[in-house]
Amino acid sequence: MDASTTTLTTSDDTVLHVHRWEPQGARSTRGLVVVAHGMVEHAARYAHLGEQLANAGYAVSAADHRGHGRTALAGGGPRGLAHLGDAHGFAAAVDDLLVVVEDAQARHPGVPLVLLGHSMGSLLARAFAARYGDRLSALVLSGTAGDPGLAGLLGERLARLECRLRGPRVRSRLLQALVLGPYNRPFRPARTSFDWLSRDEGQVDAYVADELSGGHATAGFYRDLLTGTRWVSEPSTVARMPRDLPVLIVSGEVDPVGGAQAVEEVAGLFRTAGLTRVDTKVWPGARHEVFNEVNRDEVEDHLVGWIDEVLTR
């Protein structure tokens, strides 16, 4: 397995910091996997997953999204605050994925490509599949959310109001409390503020100690996140996805973002739209980050097996 980092420049001159994990030496590449990480984290947290996929013959690319990780450090945006953009940030982040996808396909022409998105990244991946689904051979969603409904619409309006009154780059304590505040409640008494991420205390502690993770987000970020969540939950958006695109939706059973209920909701949305293969897997007792859970080897083996099967059909 070969690991490396590089940068890619988008059409608006955002410089994306990209991690790559590829099969070692002359071993033929069986497929490509592009990973889209979640909010207030970064792509290096998926190193174990990238290594396992590379060892199975898949070339993996994962960029730090705009306003996140090392992309943010080099971008001149709000320091220590996740921020997709002053306007249309969600759409820009989806187009950033296209830059990563095109780079991977240019380096490995003719090789099938899988897009894997976690949490916020799963929403970006769903939008990508609606806009650029013809480039994909399969789609994997981890910890994805269902339709936010009236609560999401209220949050979106509050975020837009805060952007108008205080500017899109200010930290939004209000939206942070509304969006993230409830996540830890099911796990009281909690050891940390991030017990909802995983049962693996070592992974939680690593997240807490990671200076590129666990930060805060701007009012503009929450506006874009909630707008994007509503858009990808609309049947008209899902109807734009290729009908024959295989989809795998995975989640921890007690994930407060996704969970078993969200898996069934999103899977039902896709099936109603006519997608012909939508598979689901809910891991008992697991929380939000199934790829950082106590049984992550089992989760990764299941993922590799599913990708192997759909790409060799």
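The following paragraphs lead through a predicted model, starting from its sheet and moving on to the helices beside it and to the spaces that a probe finds.

The sheet is open and consists of 8 strands in the order S1-S2-S4-S3-S6-S7-S9-S10, with pairing that is mixed. At its edges stand strand S1, which covers residues 2–9, and strand S10, which covers 278–283, and each of these pairs on one side only. Direction being ignored, neighbouring strands of this sheet are turned against each other by 20 degrees on average. Strands of a sheet pair through backbone hydrogen bonds, in either a parallel or an antiparallel sense. For S1 and strand S2, the latter made of residues 15–22, the sense is antiparallel, and the pairing extends over 8 bridges. Within this part of the sheet, Val-15 in S2 is the bridge partner of Thr-9.

Two helices can be placed by the strands that they lie across. Helix H3, residues 89–107, lies across S1, S2, strand S3 (31–36), strand S4 (58–63) and strand S6 (113–118), and runs at about 160 degrees to S3. Helix H4, residues 120–132, lies across S3, S6 and strand S7 (138–142), and its direction makes an angle of about 140 degrees with S6.

Turning to empty space, rolling a probe the size of a water molecule over the atoms shows where such space is left. The largest pocket has a volume of about 860 Å³, and 41 residues line it, with Val-179, Leu-180, Tyr-183, Leu-225 and Val-257 lying nearest its centre. Two or more residues of this lining are given by each of H4, helix H5 (149–166), helix H6 (173–179) and helix H8 (219–232), and the largest share, 5 residues, comes from H6. Helix H4, which lies across three strands named above, is thus also among the elements that contribute to the lining of the largest pocket. By class, the residues of the pocket lining divide into 21 nonpolar, 17 polar and 3 charged.

Cavities form the last part of the picture, and a search of the whole structure finds 3 of them with 30 Å³ or more. The largest cavity has a volume of about 40 Å³, and its lining is made by Leu-16, Ala-63, Asp-64, His-65, Arg-66, Ala-93, Asp-96, Leu-97 and Val-100. Helix H3, already met as a helix that lies across S1 and S2 among other strands, gives the most to this lining, with 4 residues. In terms of class, the lining of the largest cavity holds 5 nonpolar, 1 polar and 3 charged residues.

Technical notes
Residues are numbered from 1 along each chain as its sequence is written. This is a predicted model: local features need pLDDT of at least 70, side-chain atom pairs count only at pLDDT 80 or more; totals for chains, interfaces and linings use all residues. Side-chain values use heavy atoms; hydrogens and water are left out. Two strands pair if DSSP finds at least two bridges between them. Axes are lines fitted to C-alpha atoms, for helices over the stretch in contact, and angles run from 0 to 180 degrees between N-to-C directions. Contact means heavy atoms within 4.5 Å. On a 1 Å grid over the protein atoms alone, a cavity is a set of points where a 1.4 Å probe fits but cannot get out, and a pocket is an open set with protein on both sides within 12 Å along at least five of seven lines; lining residues have an atom within 4 Å of a point. Grid points are joined across faces, edges and corners, and a volume is the space filled by probe spheres set on the points. Ala, Val, Leu, Ile, Met, Phe, Trp, Tyr, Cys and Pro count as nonpolar, Asp, Glu, Lys and Arg as charged, and the others, Gly among them, as polar.
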